[in-house]
Amino acid sequence: APRTRRSANRVARAGRQTSARAEGADRFTPLSEGEAAAALRICTSDPRLVGMAQVGRFRVISAEPLPVKRDHPRAEHRLARVVIYDYASERCLDASVDLDAEELYALSSSRAQPGLSATEESEAIAIALADDRVQAELGLGDGAQAALHYWSNQRTELARTRRSAAVLLGGPGATPSMVAIVDLMEESVTEIVPASRF
């Protein structure tokens, strides 16, 4: 009987440990498409962000799980962190969302410039390649190699405050030959420079 009780205790402990591991893992599990969509819906429905949603000039930079310590009041809930760049106000919004309670419970904003989202990278490349001046400079077989977040430290340049991207252009697998600076707010190319100057 004692041996049976010890075996049962070991099974119970193993079950609790497995459950705890699963619970902990859930905090880090990437958001599903449905959860990411729900997190954004909760954000744009919040009175503090309704104006931004109505204007519609924003991009979601990231939507990811938000792990918190076990003593956090919302530790038992599925939480998400949503980072949004609002083009209209030129501000970065950092939202903490409780998916279970369907509540945006913390929100901060700053002039920070987060890295480009995948959508912004694609948009920057499309804008650059649609520009007649860029097309005139491209060689045979040249195209866009990458789109990078661009920020200027020159006070006189728009890219110091405006959301901008640097699109590297050149042949496949070759060193870039030129760079197109794209203003994502105005959806236009503001400057084209040789890659050697970039």
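Start by selecting Glu187, which sits in the loop between strand S7 (178-183) and strand S8 (188-194). Bear in mind as you look that this is a predicted model. Check the backbone here: Glu187 has a positive phi of about 55°, although this residue is not a glycine. Most residues other than glycine have a negative phi.

Now jump back along the chain to Glu102. Which loop holds Glu102? The one between strand S3 (91-98) and strand S4 (103-110). Its phi is positive as well, at about 55°, and Glu102 is not a glycine either.

From that loop, widen the selection to the sheet around it. Four strands make up an open sheet in the order S1-S2-S3-S4, and their pairing is antiparallel. At the edges you will find strand S1 (58-65) and S4, each paired on one side only. Going from one strand to the next, the twist averages 20°.

Next, show strand S2 (residues 79-86) together with S3. These two run antiparallel and are joined by eight bridges. For one spot to zoom in on, pick Tyr85, which stands opposite Cys92 in S3.

Finally, zoom out to the whole protein chain and colour it by secondary structure. You should see five helices and eight strands, and following the sequence gives the pattern α-α-α-β-β-β-β-α-α-β-β-β-β. Switch to a surface view: the chain exposes about 11500 Å², with carbon and sulfur atoms supplying 51% of that area. How much of the chain is buried? Of its 198 residues, 35% count as buried. As for contacts between residues at least 6 apart in sequence, 51% join residues at least 24 apart.

How values were computed: Residues are numbered from 1 along each chain as its sequence is written. This is a predicted model: local features need pLDDT of at least 70, side-chain atom pairs count only at pLDDT 80 or more; totals for chains, interfaces and linings use all residues. Side-chain values use heavy atoms; hydrogens and water are left out. Two strands pair if DSSP finds at least two bridges between them. Axes are lines fitted to C-alpha atoms, for helices over the stretch in contact, and angles run from 0 to 180 degrees between N-to-C directions. Buried means under 20% relative accessible area, exposed over 50%, partly exposed in between (1.4 Å probe, protein chains only). Contact means heavy atoms within 4.5 Å. Accessible areas come from the Shrake-Rupley method with a 1.4 Å probe; for residues, only the protein chains shown count as cover.
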